[in-house]
Amino acid sequence: MAATGNEEQTLLPDIEEEAEGMEREMESEEEEEEGMGVEHSEEEDEEDTSEDERENEAEIQRLEEQLSINVFDYNCHVDLIKLLRQEGKLHRLRKARQKMSELFPLTEEIWLDWLKDEIRITEDESDREKVYELFERAVKDYICPEIWLEYVQYSIGGMGAQGGIERVRSIFERALTAVGLHMTKGASIWEAYREFEIVILSTVQPPPGSTPSQEQQELLNSQLERIHTLFRRQLAVPLMDMEGTYAEYSDWAEDGVPEMVTHHYRRALQQLGKCKPFEEALLVSEPPKLAEYQAYIDFEIKEGDPARVQIIFERALAENCLVPDLWIKYTAYLDRQLKIKDLVLSAHERAVRNCPWTMGLWKSYLLALERHGADHQTVTDVFEKALNAGFIQATDYVEIWQSFLDYLRRRVDFSKEWSRELDELRAAFARSLDYLKQDVEERFSESGDLSCTIMQIWARIEALHCKNMQKARELWDSIMTKGNAKHANMWLEYYNLERSYGDASHCRKALHRAVQCTSDYPEHVCDVLLNFERVEGSLEDWDAAVQKTETKINRVNDQRARVAEKEALQARHEEEKVDHRRKAKADKKGQKKSQKANRTGDKRKAEDEYDEEWGEDAELPSKRLRGEDNFGSTATEELMETESGLFGRRAPSRKTEPPGFRKNQQRSSEAPQQSQDVSKEQRKEENSVFVSNLAFNLDDPEGKLRTLFQSCGTVQQVRPVFSMKGVFRGYCYVQFEDRLAVPEALKLDRQDVDGRPMYVSPCVDKNKNPDFKVFKYQTAMEKHKIFISGLPYTCTKETLEDLCKQHGTVKAIRLVTNRSGKPKGLAYVEYENEAQASQAVLKMDGTMLENFTLSVAISNPPSRKMEDKGVPNRFLGAAMPGQPQGARGKGRTQISLLPRSLYRQSTPDAKAENGTVSAAHTTVTDGVHGGPGTASLDTQSKSLSNEDFARMLLKK
């Protein structure tokens, strides 16, 4: 709990003065020691110490300056406290802790260090009271058994004061109420309480051999009953190692353990047996253990013991204090089940301090304050804090304003014509509209209330409760001017308001305006107008309504017809483009075949001479023509590359060829072609996968892939793709006998094969399915995944898993590599739920791994955009516009074969050093801008001969 202003001024003033005095004494002692300078070694040590102190002081000043800029930097607060404690700056340390406790709930470790430091310098009784106040603040942040144990042990030190024993017992009882049901740590509080009472028993026992008086005997019996009661209460609570407590009670009780105590003990043992699996799961799991705590909470809620439900919620929140959903579930349980004012309001206050960015927690807090009768000033203060909490959405501010306005509306007595509460409600409505228009729009570029919900509620209140239709109409006029006049539902809302609280004249006026302005559902508004005139209107009103509605419907129908005609025209244009491309593709294919037929004789003659010279008997691949289409047909591609690996490989070289070699070779090549055709008939795409990104020098790709995919199902065939020279192209097709093996094969995607990630994707013909996407990862926000950048390139998946599993259950890890398998220093880690991912981002962002600073965020990959192939590339080696493209969508050669003097690419956007300089589209021919008398390459109507090209090349 944050301390109030009075607490800041009054907390431990005497101790502060004493701490300052101790600091001055320490500094004077250090100065005396420095002045002595007896030995050289001591002087060197003092110099080193002073150097460290100067560095630490500089770091302290840097942290304080950073906090003055951003007071909500949690890690900066923690680092400053650690450094001040290390340096022994007690006065500044106390102030730093005080400032942090006002902003954040402190962890158990920070509180224990603070308490121990204050206890160490406490001397008189007045100082003890200040430490008691500090303990009271500490136990309100979280339910921590260690802090309560420290509290009771400290209180025992003051038992000698007046009323000290009763005060100790009171603190022990509060500790038992808070953490006595803690299954693993609650026993320590019970045992400390029992030992304290046993010590008290030893002080009231009479000396040996003496007879106690009646008063002494009553005091003795009363103390014995206290101890018996503690044993009985503890044995009725399921705690770890309760068997030892039962054995201790058996030894301690002179008359044995009562039967009723034994019965309660056995019931507690049964309950302990039910809870042990959950406790063991918490024991072996890694922090933050959110899933285990959720299962434990569900079990306790089902069991129905409110006290046990509360303690398990508190245990979960101590380790997951930044999980809003857990706070929402806890506060909702307290609101509906326990309904204890102090407990409920304390939980709500702690919730908004831990997760101030969550609007739902503030909304629940306001309702809880109203439900438990908190005063108006308290509710208003909480609402003002909510406005300064820094919500992440504009709609959150709209909702919190609605909750506060609902509260103010419930305070108004509308039976009176005027009241102060009514004026306050109207002022709050006006302030909310100004706040959304100014503050929220300035931050989010939108008010968050597009449908003007707050103004609609205000108008209904004015019409219904205040009978002020004039104000309601003014509000609705303002609503319609904010871009809502085109929506039919808004006009119908206004019409219903006038129908309920206004008159027929204003109803008619509203419907006529609606017919004129509505653009989404005009027919519905017209029907409402006609139905209204049937009930309320005269003949003239009916005629006017019919004329207005018919005019509106005719105008709407004309607009829709024009839109439909435009869409149909666009569709026809698209179909014509597709037909034109298909026809052009067929023409190019026929032209290519005719050119091949004309050049066959000359080509074969040249190949015969080449084979005789070099002694090779295999045909060289023919050069692909420039006029080929971008995609190419399946048959054309198989002429260039064969999947069997037999057609087109070089035969053993020999220097002399027998007569008739060419004929024999032609006949022998027919057999592979026939076997290839047979295999094509047996191919089934639905039973196959496409494997790519394999190494070109992979030995026996068919055998390796058959062995690799054998675990997925029976492999029918593996078809590696080779070039005409017999070189493996790095991809292949794997076909199974059963299509059920395909999903299993896809799971092997990105598996390493000879140091490279193997890509496995469905076998789909892109010519038949051009829109098919192989990319299997999400391109939208994945709240259960985190994205880590800045990883060292030597980081392995095991190292990353050990780092990430500290914050939740890791389901999958993907290290991003390039096509050659080398890591990029990026990774995606999938957690079990959003809460664990958020916890990992908070704890891991900015941490160091092998001297690398990690950057961690929720996974939100950018959307994948299709590349614009129509935009030419200006860099060296880029394909020129209109250059034919191969089967993979790029030109066969990336080098422009057109001389620069003949073609220079137009540059609509020329990049300059300081920005982009727009230039007009110019076509340059022969190095000179096209002008009068200059023939542009793009606009030439006459084709150039070889002599013309030669003259251009030689022109200087």
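**Helix H21 and the cores of a predicted model**

In this predicted model, the buried residues of helix H21 pack against three helices, namely H19 (376-387), H20 (394-411) and H22 (453-464). The residues of H21 that are buried comprise Leu422, Leu425, Ala428, Phe429, Ser432, Tyr435, Leu436 and Val440. In an α-helix, residues three or four places apart point the same way, because each turn takes 3.6 residues.

H21 itself spans residues 420-444, a run of 25 residues. From its first C-alpha to its last it reaches 34 Å, close to the 36 Å expected at 1.5 Å a residue. The helix nevertheless bends by about 35 degrees at tyrosine 435, and Tyr435 is one of its buried residues. Just after H21, serine 445 adopts a positive phi of about 60 degrees.

One of the helices packed against H21 is H20, and it leads into the nonpolar interior. The largest nonpolar core contains 104 residues. Within this core the residues with the most contacts are Leu326, Leu334, Trp362, Phe391, Ile400, Trp401 and Trp476. H20 gives the most to this core, contributing nine residues. Apart from this core lies another, of 50 residues, which includes Leu63, Leu112, Val131 and Leu239.

The surroundings of isoleucine 400 can be described residue by residue. Leaving aside residues up to four places away in sequence, isoleucine 400 touches Met359, Trp362, Lys363, Leu366, Phe383, Ala386, Leu387 and Phe391. Among these contacts, Trp362 and Phe391 are also listed with the residues that have the most contacts inside the largest core.

A further site to examine is threonine 518, located in the loop between helix H25 (504-517) and helix H26 (522-536). Threonine 518 counts as buried because its relative accessibility is 1%, where the cut-off for burial is under 20%. A polar atom of the threonine 518 side chain lies 2.6 Å from the backbone oxygen of alanine 514. Not counting residues up to four places away in sequence, threonine 518 touches Ala485, Lys486, His487, Ala488, Trp491, Val525 and Lys552.

These local views belong to a protein chain with 34 helices and 15 strands. Of its 956 residues, 37% are buried. Among contacts in the chain with a separation of 6 or more, 62% are between residues 24 or more positions apart. The accessible surface of the chain comes to about 56,300 Å², and carbon and sulfur atoms account for 50% of that area.

Note on methods:
Residues are numbered from 1 along each chain as its sequence is written. This is a predicted model: local features need pLDDT of at least 70, side-chain atom pairs count only at pLDDT 80 or more; totals for chains, interfaces and linings use all residues. Side-chain values use heavy atoms; hydrogens and water are left out. Helices (H or I, at least four residues) and strands (E, at least two) are DSSP runs, numbered from the N terminus. The expected span of a helix is 1.5 Å times one less than its number of residues. The bend at a residue is the angle between axes fitted to the seven residues ending there and the seven starting there. Buried means under 20% relative accessible area, exposed over 50%, partly exposed in between (1.4 Å probe, protein chains only). Contact means heavy atoms within 4.5 Å. Accessible areas come from the Shrake-Rupley method with a 1.4 Å probe; for residues, only the protein chains shown count as cover. A polar contact is a pair of N or O atoms within 3.5 Å; within protein, one must be able to donate a hydrogen and the other to accept it, and residues adjacent in sequence count only if both atoms are side-chain atoms. A nonpolar core is a set of buried Ala, Val, Leu, Ile, Met, Phe, Trp, Tyr and Cys residues joined through side-chain atoms within 4.5 Å.
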